[in-house]
Amino acid sequence: MPGRTRPLRPRRLEQLPPARLTGLGSGLLAALVMLAAGKLDAMALDGSPAVYGVCFLLACTGCALWVRPAEVLTAPVSAPIAFAVGALPISNSSGGGLGARIMGLVTVLSLQAGWLYAGTLLAALIGLYRRVALIRLRRRERLQQRKRPSRPPRSPRCSPGQQERSRR
């Protein structure tokens with residue numbers, strides 16, 4: 001349409017693939033990314049919390065951006081699950097059994113709660129922004145469909161002949 005202007009967006013956002021993952025798919029992707037990041041962090045950097053936290057923020061951003069618009073509010077739900085899955089390799093439980101592994105995981109989750117809250121908040125804000133933008137777009141489309149070219153009213157009460165008769 002010649003009169004329609006495009007919203008200003010950076011070119012890099014236009015190059016991203018369209019959002020196609022379901023809520024479950026984006027959660028699984030985030031969990032797998034965080035598991036790989038946790039394993040690499042445990043092997044290379046001996047469980048560095050800052051590296052793991054930055055990877056979590058990136059995974060939350062990707063999770064919130066590539067989920068389908070209808071399921072965009074599932075991104076903040078899957079973010080903490082992905083954090084916990086990825087924290088398993090960096091929990092540093094050398095020796096012991098299941099109890100030691102669980103205690104290591106609880107320790108990592110409690111000490112890295114700031115990264116967990118930041119990533120979840122980031123996913124929630126991105127999801128909320130996308131949801132509001134979707135609602136505005138749908139409302140604007142509905143309003144454009146309702147608009148019709150202006151024409152004189154067809155009701156007999158509003159016609160000029162009826163008004164003349166009613167004034168007599």
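Helices here are DSSP runs of H or I with at least four residues, numbered from the N terminus. Please keep in mind that the views below come from a predicted model.

**View 1. A30 in helix α2**. Our starting point is A30, a residue of helix α2, which covers residues 23-44. Is A30 buried or exposed? Its relative accessibility is 6%, and buried means under 20%, so A30 counts as buried.

**View 2. The surroundings of A30**. Which residues does A30 touch once its neighbours within four places in sequence are left aside? They are A59, C63 and A82. A look at A75 is also worthwhile: A75 and A30 are 45 residues apart along the chain, while 9.4 Å separates their C-alpha atoms.

**View 3. The aromatic pair F56 and F83**. Two aromatic pairs are found in the structure. In the pair shown here, the ring centres of F56 and F83 are 4.8 Å apart and the planes meet at 75 degrees, so the arrangement is edge-to-face. This pair links distant parts of the chain, with F56 in helix α3 (residues 49-65) and F83 in helix α4 (residues 75-87), 27 residues apart.

**View 4. Burial of F56 and F83, and the aromatic cluster**. Now for the accessibility of these two residues. F56 counts as buried because its relative accessibility is 1%. F83, at 0% relative accessibility, counts as buried too. Which residues make up the aromatic cluster? Y52 joins F56 and F83 in one cluster.

Technical notes: Residues are numbered from 1 along each chain as its sequence is written. This is a predicted model: local features need pLDDT of at least 70, side-chain atom pairs count only at pLDDT 80 or more; totals for chains, interfaces and linings use all residues. Side-chain values use heavy atoms; hydrogens and water are left out. Helices (H or I, at least four residues) and strands (E, at least two) are DSSP runs, numbered from the N terminus. Buried means under 20% relative accessible area, exposed over 50%, partly exposed in between (1.4 Å probe, protein chains only). Contact means heavy atoms within 4.5 Å. Rings of Phe, Tyr and Trp (its six-membered ring) pair if their centres lie within 6.5 Å; planes under 30 degrees apart count as stacked, over 60 as edge-to-face and the rest as tilted.
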